[in-house]
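Biologist: I have a new structure to learn from. Could you take my questions one by one?

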4 protein chains.
Amino acid sequence: MPIVAEVMSVAQVELMVKYVDVLQIGARNMQNFSLLRVIGETRVPILLKRGMAATIEELLMASEYILAGGNPRVMLCERGIRTFETATRNTTDINAIPVLKSLTHLPVILDPSHSTGLSEYVAAVAKAGVAAGADGLIIEVHNDPANALSDGRQSLTPEKFATLVKQVKMVAEAVERRLAPVIQ
Amino acid sequence: MPIVAEVMSVAQVELMVKYVDVLQIGARNMQNFSLLRVIGETRVPILLKRGMAATIEELLMASEYILAGGNPRVMLCERGIRTFETATRNTTDINAIPVLKSLTHLPVILDPSHSTGLSEYVAAVAKAGVAAGADGLIIEVHNDPANALSDGRQSLTPEKFATLVKQVKMVAEAVERRLAPVIQ
Amino acid sequence: MPIVAEVMSVAQVELMVKYVDVLQIGARNMQNFSLLRVIGETRVPILLKRGMAATIEELLMASEYILAGGNPRVMLCERGIRTFETATRNTTDINAIPVLKSLTHLPVILDPSHSTGLSEYVAAVAKAGVAAGADGLIIEVHNDPANALSDGRQSLTPEKFATLVKQVKMVAEAVERRLAPVIQ
Amino acid sequence: MPIVAEVMSVAQVELMVKYVDVLQIGARNMQNFSLLRVIGETRVPILLKRGMAATIEELLMASEYILAGGNPRVMLCERGIRTFETATRNTTDINAIPVLKSLTHLPVILDPSHSTGLSEYVAAVAKAGVAAGADGLIIEVHNDPANALSDGRQSLTPEKFATLVKQVKMVAEAVERRLAPVIQ
């Protein structure tokens with residue numbers, strides 16, 4: 001299973017690229033241009049998360065900083081934007097998925113855990129993302145969400161995650177996609 | 001095929017209920033409480049559209065005005081909210097679908113034509129809505145979108161609509177739902 | 001003292017114009033175009049409040065419906081917009097005041113009671129509005145805010161209002177404006 | 001005249017503190033917690049700018065990272081938030097000024113250049129900020145705005161700035177404040 005880890009400063013990059021399979025740029029660092037430039041010089045796959053007030057255009061421009069450095073392995077991730085709605089932690093901008101798919105060839109990932117912030121809505125929004133054309137999902141899972149140190153409120157138990165994978169597989173097939181085999 | 005028409009003032013109600021199958025309350029009238037009270041006294045099915053800056057809670061409170069009058073036939077419709085994102089006309093709040101399904105037994109409808117405003121994204125978001133649990137869709141169709149008097153930019157041709165219906169059927173089945181037979 | 005009253009439907013207009021000095025169109029009716037057309041045919045002064053998700057451009061377009069009917073006596077009112085910030089009930093768009101002043105000759109009014117929603121911030125924002133160029137203010141006052149039937153949380157006592165008027169007078173003079181004499 | 005410079009990464013701090021009078025944390029770094037911790041260990045005055053989608057509460061929490069390190073010299077800066085309104089680059093949250101003044105003893109600064117993005121509205125919003133209780137202003141000035149490398153659209157000429165200072169002085173006195181003497 002691939003190791004994905006969030007990089008938060010330029011100083012961490014050199015060490016992290018030795019051990020991780022994917023470097024994640026968190027929403028708060030989407031416009032940390034010095035960091036984007038440094039990871040653009042690596043060849044490690046990057047998961048670039050949209051800032052919570054970033055437009056789709058700004059997400060694409062941020063990706064250009066990485067691509068311009070010569071690293072073509074960039075995935076774009078919708079993780080919810082900040083709006084007036086308070087029933088969920090963020091508002092999943094599901095429109096962003098077809099918009100991004102029409103504007104770029106980079107893979108588009110959805111993070112329904114952060115974009116809803118509430119575990120009971122993760123499955124519905126995960127399925128929506130796949131139906132809308134997302135190329136991947138990131139889902140928070142925890143053995144004991146109630147006692148998680150962070151993000152417990154949005155984490156699925158392994159059992160619920162296993163059920164969700166089956167449901168996602170069905171939706172993926174309905175839109176003529178397939179789940180990739182898991183790399184153990 | 002049922003006739004759905006938008007009612008915009010109290011004065012129109014008496015005449016319209018004689019001829020239409022569904023009265024639509026548009027987003028701008030979601031909090032027109034005098035109108036909500038009057039249609040609550042009828043028994044015609046109501047399609048209540050969320051205001052573009054209305055919270056989910058406010059949508060539910062608006063529905064209570066109709067229900068309190070004795071008319072239980074209310075459908076709730078997500079049609080996009082206003083956010084900072086300008087790539088699409090509105091932002092489809094896909095989270096609203098599972099949130100509403102968890103809070104009420106009223107049917108939940110998605111209007112991807114208004115919630116995206118751009119015909120090229122309607123199909124993706126329509127499928128997302130069904131995958132997220134929506135009970136219905138409203139889709140704008142026009143024989144000649146380029147020359148439509150209004151909303152042409154978001155309207156599908158009949159051919160594209162026919163294709164979309166087939167795709168939606170597949171997604172519906174993937175989430176264990178079915179398309180209702182069309183009433184001619 | 002002039003009588004200002006909110007009109008909420010076309011049916012009320014005929015009676016109200018006989019008794020009120022100013023007809024107010026509330027934020028929820030800013031795009032009630034049938035109502036705007038009817039009051040455009042009267043000659044009573046109109047206070048047109050910006051919808052809570054309406055752009056400045058949409059506010060101006062709404063005013064055109066009234067002006068087009070031949071009624072030139074329109075005042076535009078900023079009363080706060082809906083954003084992600086929850087510390088106050090709405091976000092006062094203070095930018096809207098100079099923007100409107102540059103785009104139209106209509107008087108521009110600020111309603112700091114609604115745009116903050118909290119009485120303790122009304123004075124600061126009222127003064128800001130005058131400093132930014134507003135031509136008038138609407139302030140909620142109640143003899144006993146804690147027991148008001150509505151909007152108590154944002155209402156000033158008469159004593160606080162009297163203090164505020166003195167402060168506003170000072171700010172108005174600092175920007176070379178004057179308070180109009182009160183019509184008793 | 002004091003030197004204010006923006007610090008964008010931890011690596012820059014050690015050198016910058018030798019030469020600048022004030023370290024600015026830009027809106028994009030408001031939640032760069034590793035940077036906040038490092039500057040909390042210095043004793044240089046900090047200008048902490050609100051993120052464009054950050055709540056007032058989050059701004060205060062970010063300031064706590066600096067204060068917790070033992071550096072009490074923190075100024076908070078409102079520089080506009082992102083909303084649906086597009087007539088201006090950002091929306092000046094003028095409410096934030098009295099809200100911050102009521103919640104903290106830290107100085108509160110307004111940046112009307114960024115919060116409007118358009119030089120023609122800077123003066124009105126600067127005066128509004130002072131009337132609302134701001135303890136300071138940051139204003140972009142450029143000898144030749146039309147040819148500025150960045151932010152020319154929101155920059156004042158020295159002549160307009162000199163006029164604005166006189167106007168701000170009048171408003172400050174109207175709210176019983178004074179301009180500090182300029183340090184040359």
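Modeller: Gladly. This is a predicted model. Let us start where two chains meet: chain A and chain B bury about 2600 Å² between them. Carbon and sulfur atoms account for 71% of that area.

Biologist: Which three residues of chain A supply more of the area buried against chain B than any other three?

Modeller: The contact takes 35 residues from chain A and 35 residues from chain B. Three residues of chain A supply 22% of the area that chain A buries against chain B. They are F84(A), N95(A) and Y121(A).

Biologist: How much area do chain C and chain D bury between them?

Modeller: The size of an interface is often given as the accessible area lost when the parts come together. Here 35 residues of chain C and 35 residues of chain D take part in the contact. F84(C), N95(C) and Y121(C) supply 22% of what chain C buries against chain D. For the two chains together, the buried area is about 2600 Å².

Biologist: Now a single chain. What pattern does chain A follow along the sequence?

Modeller: Chain A has seven helices and six strands. Write α for a helix and β for a strand. Read along the sequence, the pattern is β-α-β-α-β-α-β-α-β-α-α-β-α.

Biologist: Why does the radius of gyration of chain A agree with a compact globule?

Modeller: Chain A has 184 residues, so a compact globule would have a radius of gyration near 16 Å. The C-alpha atoms fill a box of roughly 40 × 40 × 35 Å along the principal axes. The radius of gyration of chain A agrees with the globule value, because it is 16 Å.

Biologist: What share of the residues of chain A count as buried?

Modeller: A residue is buried when its relative accessible area is under 20%. Among contacts in chain A between residues at least 6 apart in sequence, 60% join residues at least 24 apart. Of the 184 residues, the buried share is 55%.

Biologist: Which residue of chain A has a positive phi although it is not a glycine?

Modeller: Most residues other than glycine have a negative phi. The exception here has a phi of about 60 degrees. Its place is in the loop between β6 (136–137) and α7 (158–174) of chain A. The residue is D151(A).

Biologist: Is D151(A) buried, partly exposed or exposed?

Modeller: Buried means under 20% relative accessible area, and exposed means over 50%. D151(A) has 25% relative accessibility, so D151(A) counts as partly exposed.

Conventions. Residues numbered from 1 in each chain as written. Chains lettered and ligands numbered in written order. Predicted model: local features only at pLDDT ≥ 70, side-chain atom pairs only at ≥ 80, totals over all residues. Heavy atoms only, no water. Helix = DSSP H or I, 4+ residues; strand = E, 2+ residues; numbered from the N terminus. Rg over C-alpha atoms; globule rule 2.2 N^0.38 Å. Buried < 20%, exposed > 50% of the residue type's maximum accessible area, 1.4 Å probe, protein only. Contact = heavy atoms within 4.5 Å. Buried area = accessible area lost by both parts, 1.4 Å probe.
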